[in-house]
Amino acid sequence: MTDRRPEPQPVAAQIWKRDFPYEAAAEEEVTRREFARYLVAGAGALALGNVGLAAWTQLRTINEGEPRAIVDAASVEVGGTHLFRYPTDADPAVLLRISDTEVVAFSQKCTHLGCVVYYEADEHRWHCPCHEGNFDAETGDVISGPPLRPLGRIDVETRDDGMIWALGRDTGS
Ligand code: FES
């Protein structure tokens, strides 16, 4: 009895090689298909990197700066502001006393192109004169103008000694 199992069929590339048995110049170098594969793999790696970076910037909440006494609370009237520098001497900041018990503080640098913002009491907002950017006085959120991000918030508290302390600048926003 004879073995009638079918012969293994050559794949298309082997058939092509058998029918046209010549060597092309640079045949061993990267083929178009391999090049496309590398491109897809590279694009995939870049996309994954971007997703990871976006997730990291969304999740991080890093506070900059050491706790430091800023000013005697009694010397800032309600509706008044006090300029200071935080977390370093190169970082202009400003605090606003909203009420007897509430104080907020922000970096004075506009999040558009870095001009200095100041408090407009009649509008109860932070205003940037460079391109007419406006921010909410109490939250620092953008109200209008070209800025896309809120002002950098500085956590503050009034302590028993009557001093307003800066506790750290939130860099997570
Ligand atoms: S720098 Fe503040 S609005 Fe442009």
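Me: Buried means under 20% relative accessible area. Why does C128 count as buried in this predicted model?
Reply: C128 has a relative accessibility of 2%. The cut-off is under 20%. So C128 counts as buried. C110, at 5%, passes by the same rule and is buried.

Me: What makes C115 and C130 a disulfide?
Reply: Their sulfur atoms lie 2.0 Å apart. The limit is within 2.5 Å, so the pair qualifies as a disulfide. The structure holds one disulfide.

Me: Where in the chain do C115 and C130 sit?
Reply: C115 is in the loop between β5 and β6. C130 is in the loop between β7 (125-128) and β8 (133-136). The two cysteines are 15 residues apart, and the pair links distant parts of the chain.

Me: Why is the disulfide given a handedness, and which one?
Reply: The torsion about the S-S bond of C115 and C130 is about -95°, so the disulfide is left-handed.

Me: Are C115 and C130 buried or exposed?
Reply: Neither label fits. C115 stands at 22% relative accessibility and C130 at 39%. Buried needs under 20% and exposed needs over 50%, with partly exposed in between. So C115 and C130 both count as partly exposed.

Me: How do you know that K109 and D91 form a salt bridge?
Reply: Their closest N and O atoms are 3.9 Å apart. The cut-off is within 4 Å, so the pair is accepted.

Me: What does the pair K109 and D91 tie together?
Reply: K109 lies in the loop between β5 (103-107) and β6 (118-120). D91 lies in the loop between β3 (81-85) and β4 (92-97). So the bridge ties together parts that are 18 residues apart in sequence. Burial splits the two partners: K109 is partly exposed at 38%, whereas D91 is buried at 11%.

Me: How many salt bridges does the structure hold?
Reply: Three. Besides K109 and D91, R125 meets E120 at 2.7 Å, N to O. E157 pairs with R159, also with closest N and O atoms 2.7 Å apart. Both distances are within 4 Å, so both pairs qualify.

Me: Why is E120 called buried, and E157 partly exposed?
Reply: E120 has 15% relative accessibility, under the 20% cut-off, so the label is buried. E157 has 33%, between 20% and 50%, so the label is partly exposed. R159, at 31%, is partly exposed as well.

Me: Which residues have the most contacts inside the largest nonpolar core?
Reply: F84, L95, I154, V156 and I164, out of 14 residues in that core. β2 (68-72), β4, β5, β10 (153-158) and β11 (163-170) each supply at least two core residues. A second, separate core has 13 residues, including V94, I98, Y119 and A137.

Me: What is I154 in contact with, leaving aside its neighbours within four places in sequence?
Reply: Among others, F84, Y86, A93, A105, F106, A166 and R169.

Me: What pattern does the protein follow along the sequence?
Reply: Two helices and eleven strands, in the order α-α-β-β-β-β-β-β-β-β-β-β-β. Of the 173 residues, 27% count as buried. The protein exposes about 12100 Å², with carbon and sulfur atoms supplying 56% of that area.

Note on methods. Residues are numbered from 1 along each chain as its sequence is written. This is a predicted model: local features need pLDDT of at least 70, side-chain atom pairs count only at pLDDT 80 or more; totals for chains, interfaces and linings use all residues. Side-chain values use heavy atoms; hydrogens and water are left out. A salt bridge is a side-chain nitrogen of Lys or Arg within 4 Å of a carboxyl oxygen of Asp or Glu. Helices (H or I, at least four residues) and strands (E, at least two) are DSSP runs, numbered from the N terminus. Buried means under 20% relative accessible area, exposed over 50%, partly exposed in between (1.4 Å probe, protein chains only). A nonpolar core is a set of buried Ala, Val, Leu, Ile, Met, Phe, Trp, Tyr and Cys residues joined through side-chain atoms within 4.5 Å. Contact means heavy atoms within 4.5 Å. Accessible areas come from the Shrake-Rupley method with a 1.4 Å probe; for residues, only the protein chains shown count as cover.
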